[in-house]
Amino acid sequence: MAVEFSKESKAHFEEILTRYPKKRAAIMPTLWLAQKDFGYLSHEVLAYVAELIEESPAFVASVASFYTMYYKKPMGRHHVQVCTNLSCALVGSDNIVNCIKEKLGIGLGETTPDGKFSLDEVECLASCGTGPMMQIDDDYWEGLTTEKTLEILEKLAAG
Amino acid sequence: MSEKILLRHEDVANLRELDVYVSDGGYATALRVLKEREPEDIIEEVKASGLRGRGGAGFPTGMKWGFLPKDNPLRYLCVNADESEPGTFKDRQILEHNPHLLLESMVLAAYAIKCHKAYIYIRGEFAQGAKILEEAVREAVAGGHLGEDIYGTGFDLDVVVHRGAGAYICGEETGLIESLEGKRAYPRVKPPFPAVYGVFGAPTIVNNVETLCCVRPILERGAQWFKTIGPEKSPGPKLYCVSGHVERPGVYELPMGTNLRELIYDHCGGIPGGKKLKAVIPGGSSVPIFTADEIDVNMDFDSIAAAGSLLGSCGTIVMNEDTCMVRALRIIARFYRHESCGQCTPCREGTGWLERLMIGLEDGGANDRDVDLLMQVADNMMGNTVCVLADAAAMPTKSFVTKFRSEFEEHLQHGGCPQRSAEAMRASAHA
Ligand SMILES: Cc1cc2nc3c(=O)[nH]c(=O)nc-3n(C[C@H](O)[C@H](O)[C@H](O)COP(=O)(O)O)c2cc1C
Ligand code: SF4
Ligand code: FES
């Protein structure tokens, strides 16, 4: 079946178009919308966005590939991203990464076999004064200890 | 300066909500200025205040606004809310807790530069911040503070929140503009500067969140008041982000020109666990490092530059005596390699070299000449590229190697890190 936005997302897309004087500028918000609806940006999804925006699929794919937050492959239900930049490293982000790897039994860039969690390290998330920290989906978790980290993961695993 | 201007939300609960903001005097300045003053007069007042950009370069804000060509009525205001410089976490405070201060300041700035469309470019990771801003925009439109015919003055301002999607280079103002146009964020060759040729081909002003948030206070209390805070050549309140090995990390609002030693020892309570200070990066990971002996410096654009570093984004990263400088620089090198947009050969290749050399030094496998090679690679990256990200990778490299050379040599001789730096960092975290 060809990919298509829900009626609600179509209306949202029409509203996005009104924000910019040029259609092409709607690419980023439309990719966000597509990622929300379809989970990740497959070739079909990119082609669909290209059609909506009236740009070539190759152009849309090249834009999507530039930005790390657009998923090019299926991801776990929860995306765990630990900041390992300098300020967080100084206060022990290595511990947090190791504790999560052990708990989930996966390495960086991997997804658990049950599809619940994907794990990555990320660059500074502007939370340096409350490190170590991680982002899970849209939420920041700050001032982490290994105990707190495990508790958060367990809660999500149960949910 | 005990009264908080930019971090007023720390003194007033729920300032994020429109009715609280309004009952605290919010939007009164916008109302008064739109009804009573001329745009040119606002630009003059901002010029007179001496306000300089808080995004990194310290460029005089009023002067930038004055560069807009007079003949083109179409122009845009872009707020740089990409905050991605490692060690920097100040704009996020305002976005999440005091969004109306930004919106009111945007109304004032847009009125001054006669602009009717503004974009807030917010980094993709700030999903919460984007939600809060969008809600604040809706509230402000409903309350008549934004949108069409604001306060019945005939002045319109439409504000759009535009989310990035994870790329440090979108913080560079022309990368931001390209990204906003729906492209890869490849920085543009300058000139022309955005004030002449910006987003969608129109004259554009790009300002940092904190810079803009100084505009309402300046127009509320006057340029003269602003100038009484901090040094004459870079006045005003300033947000200092302090992280790493201090007792009380956080964002501090203090006068521009606050002494770095006082910031670390008085405001942040010094180094935990009775440890000694080793080094401080004063302005985000892109700027040269200070050793413990170099911290008697005032934190304003000119004083820090005179001392050999940069105020940058004011991300102050504090490192105690246990910190391995090779490890620290390796993390910095990884960041710039990851974030180079790849347009310019010296930057694309150079950042890759820097990281590989640093991995060799920390993990073993480096050659005798590699410390010199680090310096050479860094030298060759400077001043040759479309934007200054290449310099931002080269500057810390040169200063780390110059100031901590013996530690780098030690790693060479040892064939890797002599003290398993990761262990030391972990231990100090729990000290
Ligand atoms: C690589 C790079 C990254 C930057 N990142 C940011 C950023 O995240 N936020 C910001 O406000 N300015 C950033 N800047 C500075 C902007 O290019 C620009 O100078 C600033 O937005 C101008 O606003 P101001 O005059 O109010 O400081 C960056 C510059 C470079 C070269
Ligand atoms: S200096 Fe680096 S980041 Fe800047 S434009 Fe060139 S390649 Fe891109
Ligand atoms: S270094 Fe981790 S949030 Fe900034």
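**Getting to know the model**

User: What does the shell around ligand 2 look like by class?
Analyst: Here Ala, Val, Leu, Ile, Met, Phe, Trp, Tyr, Cys and Pro count as nonpolar, Asp, Glu, Lys and Arg as charged, and the others, Gly among them, as polar. Sorted that way, the shell around ligand 2 has nine nonpolar, four polar and no charged residues.

User: What kind of model is this?
Analyst: Residues are numbered from 1 along each chain as its sequence is written, chains are lettered from A and ligands numbered from 1 in the order in which they are written, and side-chain values use heavy atoms, leaving out hydrogens and water. Local features need pLDDT of at least 70 and side-chain atom pairs count only at pLDDT 80 or more, while totals for chains, interfaces and linings use all residues, since this is a predicted model.

User: Which residues are closest to ligand 2?
Analyst: Being near means having a heavy atom within 4 Å of the molecule. In all, 13 residues surround ligand 2. The closest are B:Cys341, B:Gln343, B:Cys344, B:Cys347 and B:Cys387.

User: How many helices and strands does chain A have?
Analyst: Both are DSSP runs numbered from the N terminus: helices are H or I with at least four residues, strands E with at least two. From the N terminus on, chain A reads α-α-α-α-β-α-α-β-β-β-β-α. That makes seven helices and five strands.

User: Which strands are at the edges of the sheet ordered E3-E4-E2-E1-E5 in chain B?
Analyst: Strands pair if DSSP finds at least two bridges between them. This open sheet of five strands has mixed pairing. Two of its strands pair on one side only. They are E3 (147–150) and E5 (204–208) of chain B.

User: Which residue stands opposite B:Leu77?
Analyst: Strand E1 (residues 76–81) of chain B and E5(B) pair in the parallel sense over five bridges. Across from B:Leu77, in E5(B), stands B:Ile205.

User: Why is one side of E7 and E10 in chain B left without a neighbour in the sheet?
Analyst: The open sheet here runs E7-E6-E12-E9-E10 in chain B, with mixed pairing. Strand E7 (250–255) and strand E10 (290–291) of chain B stand at its edges, so one side of each is free because each has a single partner strand.

User: Which residue stands opposite B:Val280?
Analyst: Two bridges join strand E9 (residues 277–281) of chain B to E10(B), and the two run antiparallel. Facing B:Val280, in E10(B), is B:Phe290.
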